[in-house]
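User: I would like to work through this model one feature at a time. Please give the general idea first and then the case at hand.

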Amino acid sequence: MKLSSWLVSDYMTPDPIVIEPEEPLMRALEIVRLRGVRRLPVTVAGLLVGFVTEGDLKRAEPSTLTDSEADFNRVMEETPVRRIMIQNPVTTTADTPLLEAAEVLLNTKYGALPVVAGSHVVGILTDNDLIRALVDALREAKGAQG
């Protein structure tokens, strides 16, 4: 397959784990840790309203050096995701050329883009997805050399 015809849909992670804006930061932290994801689209009834990353969560955590475990738990349980989420995140669509989406990630230094159809989240394109595409491209190039 010719590289220029690759689409976001060829490499995106479909149906990503999402969180709602009123969920506590503790729930987002649990999802990140237990499910091994680094980014969560924030949705209301499937509609994208924001984006939260593992880094955002770490920056929002109270310091375990100065605060007690009870303080940490209270802050993380009482603070909703909406307080720290990225509002109006940059998005892409499934039919966007993969090169175009990769250039957006490169230029913005983001690690992922929510993939939307209208305003509904249908996937996520991550840096790992792009590395997988790079491996495929390199294998293809190696195979073409003989």
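Analyst: Start with confidence: pLDDT is the predictor's confidence in each residue, on a scale from 0 to 100. This is a predicted model, and the mean pLDDT of the protein chain is 93, with 95% of its residues at 70 or more.

User: Which elements have the lowest and the highest mean pLDDT?

Analyst: Among the elements of the chain, α4 has the lowest mean, 89, and β2 the highest, 98.

User: How do β2 and β3 pair, and over how many bridges?

Analyst: Strand β2 (residues 39-44) and β3 are antiparallel, with six bridges between them. V42 is the residue opposite G50 of β3. Together β2 and β3 make a hairpin with two residues between the strands, and A45 in the turn has a positive phi of about 55°. On β3 there is also pairing with strand β4 (residues 86-87), again antiparallel, through two bridges; here F51 stands opposite I86.

User: Why is β3 described as largely enclosed by the rest of the structure?

Analyst: In general, side chains in a regular strand alternate between the two faces of the sheet. In β3 (residues 47-53), five of the seven residues are buried, so the strand is largely enclosed by the rest of the structure.

User: Is T43 buried or exposed?

Analyst: The cut-off for buried is under 20% relative accessible area. T43, a residue of strand β2, has 5% relative accessibility and therefore counts as buried. Beyond its neighbours within four places in sequence, T43 is in contact with V18, I19, E20, P21, L48, V49 and V121.

User: What does the largest nonpolar core consist of?

Analyst: Nonpolar side chains in soluble globular proteins tend to be buried together. The largest nonpolar core here has 15 residues, and I19, L40, V52, L57 and V81 have the most contacts inside it. Helix α2 (25-35), β2 and α4 (69-78) each supply at least two of its residues, and α2 gives the most, with six. For L57, the contacts outside its neighbours within four places in sequence are L25, A28, L29, V32, V52 and I84. Another core, of 13 residues, lies apart from this one and includes M12, L105, L113 and A133.

User: How many aromatic pairs are found?

Analyst: A pair of aromatic rings is described by the distance of the centres and the angle of the planes. The search of the whole structure finds one pair. W6 and Y11 form this tilted pair, 5.3 Å centre to centre with 35° between the planes. Both W6 and Y11 are buried.

User: How many salt bridges are there, and which parts of the chain do they join?

Analyst: The whole structure has eight salt bridges. One of them links R33 and E61, whose closest N and O atoms are 3.7 Å apart. Since R33 is in helix α2 and E61 in the loop between α3 (54-60) and α4, the pair ties together parts that are 28 residues apart in sequence. R33 is exposed at 59% relative accessibility, whereas E61 is partly exposed at 21%.

User: What about R39 and D127?

Analyst: These two form a salt bridge with closest N and O atoms 3.3 Å apart. R39 lies in strand β2 and D127 in helix α6 (residues 127-145), so parts 88 residues apart in sequence are tied together. R39 is buried, with 12% relative accessible area, and D127 is partly exposed, with 26%.

User: Where do E78 and R74 lie?

Analyst: Both are in helix α4, four residues apart, about one turn of the helix. Their salt bridge has closest N and O atoms 3.9 Å apart.

Technical notes. Residues numbered from 1 in each chain as written. Predicted model: local features only at pLDDT ≥ 70, side-chain atom pairs only at ≥ 80, totals over all residues. Heavy atoms only, no water. Buried < 20%, exposed > 50% of the residue type's maximum accessible area, 1.4 Å probe, protein only. Pairing = 2+ DSSP bridges. Contact = heavy atoms within 4.5 Å. Core = buried A, V, L, I, M, F, W, Y, C linked by side-chain atoms within 4.5 Å. Phe/Tyr/Trp six-rings, centres within 6.5 Å; stacked < 30°, edge-to-face > 60°. Salt bridge = Lys/Arg side-chain N within 4 Å of Asp/Glu carboxyl O.
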